[in-house]
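Me: I am new to this structure and would like some help reading it. Could we go through it one feature at a time?

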Amino acid sequence: MRSSARRSCGRGDAPRASLALERATSVDPGLADARLDLAIAYYQMGDRAQARQVFTSLRALGPPAAAAQVIDDYLQRIARDDAQARWRFDVALASGYDNNANSATSANEFLGFTLTETSRATESAFYEVVANGGVTQPMGPDLTLEADLSLRHRTNPQADFVDRHG
């Protein structure tokens, strides 16, 4: 394995490079330089599991010092990346029209009782906002903490009596 195997390609080039490198290494698995470049491409594409597998198999071959240093640096990056918390967050907005916002009957009477206006089917536009978020924190090699939170608010301007307040 030549020490010149440390190459960098931009994130946009990594997928294209990985295809060529996968073909080359499938034809000749002994191409350690190509395998090192493939592992780097996997890392740049965010596929840490594949990158770790290739780097680890290359490290087991006893590469020259310069290549071993590159491999060790990437394995440390992967370990550091794997130990970091990953946050996610999204917001969704919705609006529409509900022809029965309170899920009631449209009849004026039910079982001999005269229904009030709020007890009969009520039409209303609605507006809704939903926010979701969470964190994934690796706690060890086989343990991960995940926490999720979801908030939702919906309002019906013409039937606000169905909105939950409090």
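**Reading the model step by step**

Reply: Let's begin with E109, which is exposed, with a relative accessible area of 52%. The general idea is that buried means under 20% relative accessible area, exposed over 50%, and partly exposed in between (1.4 Å probe, protein chains only). This is a predicted model, where local features need pLDDT of at least 70 and side-chain atom pairs count only at pLDDT 80 or more, while totals for chains, interfaces and linings use all residues. Residues are numbered from 1 along each chain as its sequence is written, and side-chain values use heavy atoms, with hydrogens and water left out.

Me: Which strand holds E109, and which residues is E109 in contact with, leaving aside its neighbours within four places in sequence?

Reply: Helices (H or I, at least four residues) and strands (E, at least two) are DSSP runs, numbered from the N terminus. E109 lies in strand β2, residues 109-110. Contact means heavy atoms within 4.5 Å; setting aside neighbours within four places in sequence, E109 touches T114 and L115 in this sense.

Me: How do I read strand pairing?

Reply: Two strands pair if DSSP finds at least two bridges between them. Here β1 (residues 86-98) and β4 (residues 124-140) pair in the antiparallel sense over 13 bridges, and A92 stands opposite V130 in β4. β4 is also joined to β5 (residues 143-155) by 13 bridges, again antiparallel. A hairpin through 2 residues links β4 to β5, and Q137 stands opposite L145 in β5.

Me: And how do I judge the span of a helix?

Reply: The expected span is 1.5 Å times one less than the number of residues. Helix α2 has 13 residues and reaches 18 Å from its first C-alpha to its last, close to the 18 Å expected. As for cover, 13 of the 13 residues in α2 are buried. After α2 comes G46, whose phi is positive, near 90°.

Me: Is R35 in α2 buried or exposed, and what does a polar contact join R35 to?

Reply: R35 is buried yet has no salt bridge (a side-chain nitrogen of Lys or Arg within 4 Å of a carboxyl oxygen of Asp or Glu). The nearest side chain of opposite charge, D28, is 8.4 Å away; Lys and Arg count as positive and Asp and Glu as negative, with His and the chain ends not counted. A polar contact is a pair of N or O atoms within 3.5 Å; within protein, one must be able to donate a hydrogen and the other to accept it, and residues adjacent in sequence count only if both atoms are side-chain atoms. Such a contact, of 3.0 Å, joins the side chains of R35 and S57.
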